[in-house]
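Let's take a walk through a protein together, one stop at a time. Have the sequence and the 3D view ready, and follow along as we go.

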Amino acid sequence: MSEEKNDRGKKTVAFNVTKKESHHPNAGFKKLFRRLRSNFKLTTNKDELTREAFEDMDLLVFGDPKEALTAQECEDLRDWLNAGGRAIVMTG
């Protein structure tokens with residue numbers, strides 16, 4: 001069975017890596033990523049944070065970002081959150 005068929009109906013958790021996060025699925029979140037894999041569709045967001053990017057996410061995880069969001073990213077993120085999107089921001 002393909003991975004896409006296994007993920008059908010699962011909520012999507014996206015780990016952001018566009019802001020030079022210190023924690024992501026390959027560093028810091030390896031165990032978390034493995035544990036979540038059976039219950040959620042997991043992705044790594046390497047694209048710009050836009051309204052279109054948020055459409056495919058149920059939860060967006062920021063693991064200690066080192067760069068600030070742009071004004072447009074803040075606006076799009078705020079709109080997405082106000083429409084029911086979810087985000088976790090962890091800082092050190």
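Is Thr18 buried or exposed, or partly exposed? With a relative accessible area of 21%, Thr18 is partly exposed, because buried means under 20% and exposed means over 50%. Keep in mind that this is a predicted model.

To find Thr18, look in the loop between strand E1 (12-16) and helix H2 (30-36). Its side chain makes a polar contact with the side chain of Asn16, at 2.9 Å. Setting aside neighbours within four places in sequence, Thr18 touches Asn45, Lys46, Asp47, Leu49 and Glu67. Now trace the chain to Pro65: Thr18 and Pro65 are 47 residues apart in sequence, but their C-alpha atoms are 8.4 Å apart in space.

Stay in this loop for Glu21, which also sits between E1 and H2. Glu21 is buried and yet has no salt bridge; Lys19, the nearest side chain of opposite charge, is 7.8 Å away. What polar partners does the side chain of Glu21 have? It makes a polar contact with the side chain of Asn16, at 2.9 Å, and one of its polar atoms lies 3.1 Å from the backbone nitrogen of Lys19. Beyond its neighbours within four places in sequence, Glu21 is in contact with Asn16, Phe62, Gly63, Asp64 and Pro65.

Two residues we have passed close to in the sequence deserve a look at their backbone angles. Most residues other than glycine have a negative phi. Lys20 is not a glycine, but its phi is positive, at about 55°. Lys20 is in the loop between E1 and H2 and is exposed, with a relative accessible area of 57%. Asp64 also has a positive phi, near 60°. This residue lies in the loop between E3 and H4, and its 14% relative accessibility counts as buried.

Next, let's go inside. In soluble globular proteins, nonpolar side chains tend to be buried together. Here the largest nonpolar core has nine residues: Ala14, Leu49, Ala53, Phe54, Met57, Leu60, Phe62, Leu77 and Trp80. Helix H3 (51-54), strand E3 (59-63) and H4 each supply at least two residues of this core. There is also a second, separate core of seven residues, including Phe15, Phe33, Leu59 and Val61.

Phe62, a member of the largest core, is a good place to pause. Leaving out neighbours within four places in sequence, Phe62 is in contact with Asn16, Glu21, Leu49, Leu69, Leu77, Ile88, Val89 and Met90. You have already met Glu21 from the other side of this pairing.

How many aromatic pairs does the whole structure hold? A search finds three. In one of them, the rings of Phe15 and Phe29 have centres 5.8 Å apart and planes at 50°, so the pair is tilted. Phe15 belongs to strand E1 and Phe29 to the loop between E1 and H2, so their pairing ties together parts that are 14 residues apart in sequence. Both count as buried: Phe15 has 1% relative accessibility, and Phe29 has 9%. Ring pairs link Phe15, Phe29 and Phe33 into a cluster.

Our last stop is Asp76, in helix H4 (residues 71-82). Asp76 counts as buried because its relative accessibility is 5%. Aside from neighbours within four places in sequence, Asp76 is in contact with Leu49, Thr50, Arg51 and Phe54. Leu49 and Phe54 are among the residues of the largest nonpolar core.

Definitions and conventions:
Residues are numbered from 1 along each chain as its sequence is written. This is a predicted model: local features need pLDDT of at least 70, side-chain atom pairs count only at pLDDT 80 or more; totals for chains, interfaces and linings use all residues. Side-chain values use heavy atoms; hydrogens and water are left out. Helices (H or I, at least four residues) and strands (E, at least two) are DSSP runs, numbered from the N terminus. Buried means under 20% relative accessible area, exposed over 50%, partly exposed in between (1.4 Å probe, protein chains only). Contact means heavy atoms within 4.5 Å. A polar contact is a pair of N or O atoms within 3.5 Å; within protein, one must be able to donate a hydrogen and the other to accept it, and residues adjacent in sequence count only if both atoms are side-chain atoms. Lys and Arg count as positive and Asp and Glu as negative; His and the chain ends are not counted. A salt bridge is a side-chain nitrogen of Lys or Arg within 4 Å of a carboxyl oxygen of Asp or Glu. A nonpolar core is a set of buried Ala, Val, Leu, Ile, Met, Phe, Trp, Tyr and Cys residues joined through side-chain atoms within 4.5 Å. Rings of Phe, Tyr and Trp (its six-membered ring) pair if their centres lie within 6.5 Å; planes under 30 degrees apart count as stacked, over 60 as edge-to-face and the rest as tilted.
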